[in-house]
Amino acid sequence: MGQENCTTVTEFILLGLSDVPELRVFLSLLFLLIYGVTFLANLGMIALIRVSSRLHTPMYFFLSHLSFVDFCYSTTIVPKMLYNILNKERTISFLGCMVQFYLFCAFAITDVFLLAVMAYDRFVAICNPLLYMVSMSQKLRVVLVSGCYLCATVCSLIHLCLALEIPSYRSNVINHFFCDLPPLLSLACSDVTMNELLLYIVATFNEVITIVIILTSYLFIVITILRMRSAEGRRKAFSTCASHLTAVVVLQGTILFTYCRPGSGNNVDTDKVVSVFYTMVIPMLNPLIYSLRNKDVKEALRKVLDSKFLFEKLLF
């Protein structure tokens with residue numbers, strides 16, 4: 001690659017999803033709606049878990065952290081993307097780009113590990129129900145959640161430090177709607193083989209570890225469920241796992257497609273569409289999946305709304 005076209009970059013230009021002006025209003029309204037639902041659903045789930053005593057269990061402790069992480073990594077991307085859609089100037093500073101990439105990477109990896117921890121939680125709850133609250137003590141829950149955040153922080157720092165080592169770029173135009181690593185590496189003038197290799201290795205390692213934990217947990221869960229004599233017990237056990245399995249399949253599938261295949265980042269348009277799914281759609285779907293398919297959440301929400309209605313009647 002010719003070094004004469006290489007330069008130090010102080011800001012990047014994000015091309016976004018589409019250059020068609022007619023789509024600007026439609027996309028901005030669509031993504032604003034999605035982000036609004038994400039904002040309300042995730043923060044609403046956190047608030048509901050905190051105020052409802054029946055949701056003060058290990059499962060909902062992990063779910064509250066999942067909602068927090070979903071809200072954070074969507075917020076890292078969507079507000080800036082909406083601003084860029086509505087403005088002709090689509091620049092982001094070099095520092096802002098690195099911060100956005102780091103935060104997105106950290107929250108996304110935390111999400112993946114949290115889903116694995118939640119699979120282990122379901123395993124303990126179904127396979128050892130009498131010892132569930134003892135096994136899943138407050139101390140263990142804090143350790144597991146802290147481990148998720150710590151692993152995500154370390155992995156993100158590895159990628160960030162290597163990205164900061166890139167001295168120059170052949171262009172400052174990123175063909176994406178946020179600062180993701182594959183399109184950023186494609187602009188580098190220096191050899192980024194190590195960056196690409198580490199991206200592939202770290203992403204694949206995280207996916208393999210979490211998928212093994214999830215599959216092993218659900219193997220024992222299925223064996224336990226099939227041994228249950230009560231049809232109602234089997235139905236309830238499958239119901240509590242269905243929401244989690246849905247979230248796992250959707251998130252893990254998109255991440256595997258985007259980051260765990262050789263040459264990821266080559267098909268830019270496809271990657272952008274998939275990125276919309278896991279940066280905006282999945283954070284919106286997770287709280288809806290857990291609330292619509294979860295009897296405890298629906299009952300807790302009904303009680304909270306009933307108490308609020310009664311409070312308003314007493315006031316007025």
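A residue counts as buried when its relative accessible area is under 20%. With that cut-off in mind, the tour of this predicted model may begin at Cys179, which is buried because its relative accessible area is 1%.

Next, select Cys97 together with Cys179: a disulfide joins the two, with an S to S distance of 2.1 Å. The torsion about this S-S bond is -125 degrees, and the link is left-handed. Cys97 belongs to helix α3 (residues 94–127), whereas Cys179 sits in the loop between β3 (173–174) and α6; these distant parts of the chain are 82 residues apart. Cys97 is also buried, at 0% relative accessibility.

Move now to Cys6 and Cys189, which are joined by a disulfide with an S to S distance of 1.9 Å. Cys6 is found in the segment before β1 (11–14) and Cys189 in the loop between α6 (181–185) and α7 (193–227), so the bond ties together parts 183 residues apart in sequence. The torsion about the S-S bond is about -105 degrees, and the disulfide is therefore left-handed. Cys6 is buried at 16% relative accessibility, and Cys189 is buried at 9%.

Display both links at once: the whole structure contains two disulfides, and their pattern is 1-4, 2-3 when bonded cysteines are counted along the chain.

Finally, select Cys148. Its sulfur lies 7.2 Å from the closest cysteine sulfur, that of Cys151, which is too far for a bond. Cys148 is buried, with a relative accessible area of 3%. Cys151 is likewise in no disulfide; its nearest cysteine sulfur, in Cys155, is 6.5 Å away. Cys151 is partly exposed, with a relative accessible area of 36%.

Methods:
Residues are numbered from 1 along each chain as its sequence is written. This is a predicted model: local features need pLDDT of at least 70, side-chain atom pairs count only at pLDDT 80 or more; totals for chains, interfaces and linings use all residues. Side-chain values use heavy atoms; hydrogens and water are left out. A disulfide is a pair of cysteine sulfur atoms within 2.5 Å. Helices (H or I, at least four residues) and strands (E, at least two) are DSSP runs, numbered from the N terminus. Buried means under 20% relative accessible area, exposed over 50%, partly exposed in between (1.4 Å probe, protein chains only).
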